Amino acid sequence: MKKYIITAAFIIGTGAVINTSVQSCSTLATSDIGLSIIKKILLNGIDKGANVYSNREAFLQNNMVDKALPKELRDINSMLEKVTPTLVAKERAYIADAAVYTVNISKPILVNAVNSLNAQDVTRIIQGEKGMATQILKEKTAQQLVAAITPKVDEQLNQYGIVKSINTALSGSNFLGNLLGGGKTTVNSGGLSQLASEQLVNGMFNIIEDYEIQNSKSLLGPLGK
């Protein structure tokens, strides 16, 4: 079996130093070392996202979360800003509460998916663009995450009566009919909860991807990234 001389150093999340580096990036990439580095990056990104989602104020101030706002919900909020701006603030606050309420559901799903990554996933990550590790994680978990948290988000939003408040504020306007189509004049609870859940899931991936990109050069450089 051909052996490789390992000479560089990787500092992995916990602070432990693994003295490695290699003459063959592809060999290292598909090795246990390469897999452990990528897993550690993703797990650290998940921890960062979970910390944001566990803190209501941090969630509200995070631009990665704001970027994840679905177009339909952004359009609804734009109209509400013209009618009753305070309701938009309440809606955002209630979604932040839903983030706190559901983070302990989302995190284990993400962690389990990271721990199931294999050599084929690592090869895709090494050969792909920046953020590929997060993209693969998203492929594996996005639908599962939305399905898992939507009932809880719906429960949370209904508790606050936000759907009724939005419909009352926009009653008499043809805006919802134009936005939702089919002559609809009200937002239904399931629809709003679905949009909010998509924002929570995509916002989490935005945070993980940002962490991955910020750290990929220092940790994945020796793997050819």
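This passage walks through the fold, the hollow spaces and a few individual residues of one protein chain.

The structure is a predicted model, so local features were taken only at a pLDDT of at least 70 and side-chain atom pairs only at pLDDT 80 or more, while totals for chains, interfaces and linings use all residues. Residues are numbered from 1 along each chain as its sequence is written, and side-chain values use heavy atoms, with hydrogens and water left out.

Let's start with the overall layout. The chain has eleven helices and two strands; here helices (H or I, at least four residues) and strands (E, at least two) are DSSP runs, numbered from the N terminus. Reading from the N terminus, the order is β-β-α-α-α-α-α-α-α-α-α-α-α. Of the 225 residues, 44% are buried, where buried means under 20% relative accessible area, exposed means over 50%, and partly exposed covers what is in between (1.4 Å probe, protein chains only). Contacts (heavy atoms within 4.5 Å) often link distant parts of the sequence: taking those between residues at least 6 apart, 76% join residues at least 24 apart.

One helix has a bend worth a look. Helix α8 (132-160) is kinked by about 50 degrees, with the kink centred on T141; the bend at a residue is the angle between axes fitted to the seven residues ending there and the seven starting there. After α8 comes G161, which has a positive phi, near 65 degrees.

Next come the hollow spaces. They were found on a 1 Å grid over the protein atoms alone: a cavity is a set of points where a 1.4 Å probe fits but cannot get out, a pocket is an open set with protein on both sides within 12 Å along at least five of seven lines, and lining residues have an atom within 4 Å of a point. Grid points are joined across faces, edges and corners, and a volume is the space filled by probe spheres set on the points.

Two cavities of 30 Å³ or more turn up in the structure, and the largest holds about 60 Å³ of space. Around that largest cavity sit Y53, T102, V103, S106, L110, L145, I149, L200, V201 and M204. At least two lining residues come from each of α6 (85-115), α8 and α11 (189-220), with α6 giving the most, four residues. By class, this lining has eight nonpolar, two polar and no charged residues. For these classes, Ala, Val, Leu, Ile, Met, Phe, Trp, Tyr, Cys and Pro count as nonpolar, Asp, Glu, Lys and Arg as charged, and the others, Gly among them, as polar.

The largest pocket holds about 160 Å³. Its lining is made up of F59, L60, N62, V65, D66, L69, N77, E81, V88, R92, I95 and Q199. Helices α3 (56-61), α4 (63-67), α5 (71-83) and α6 each supply at least two of these residues, and α6 again gives the most, this time with three. Here the mix is six nonpolar, three polar and three charged residues.

N77, one of the residues lining the largest pocket, belongs to helix α5. N77 counts as buried because its relative accessible area is 7%. Its side chain makes a polar contact with the side chain of E91 at 3.0 Å. A polar contact is a pair of N or O atoms within 3.5 Å; within protein, one must be able to donate a hydrogen and the other to accept it, and residues adjacent in sequence count only if both atoms are side-chain atoms. Leaving out residues up to four places away in sequence, N77 touches L69, V88 and E91.

A few other helix residues help fill in the picture. L42, in helix α2 (residues 32-53), is buried, with a relative accessible area of 1%. Beyond four places in sequence, L42 touches V114, L117, A133, T134, L137 and I208. L42 and Y211 are 169 residues apart in sequence, yet 8.1 Å apart in space, C-alpha to C-alpha.

T134 also appears among the contacts of E209, which touches G131 and T134 once neighbours within four places are set aside. E209 lies in helix α11 and is partly exposed, at 31% relative accessible area. Between E209 and M64 there are 9.8 Å in space, C-alpha to C-alpha, and the two are 145 residues apart in sequence.

Finally, D121 sits in helix α7 (residues 119-127) and is buried at 8% relative accessibility. Residues up to four places away aside, D121 is in contact with S116, I136 and K140.
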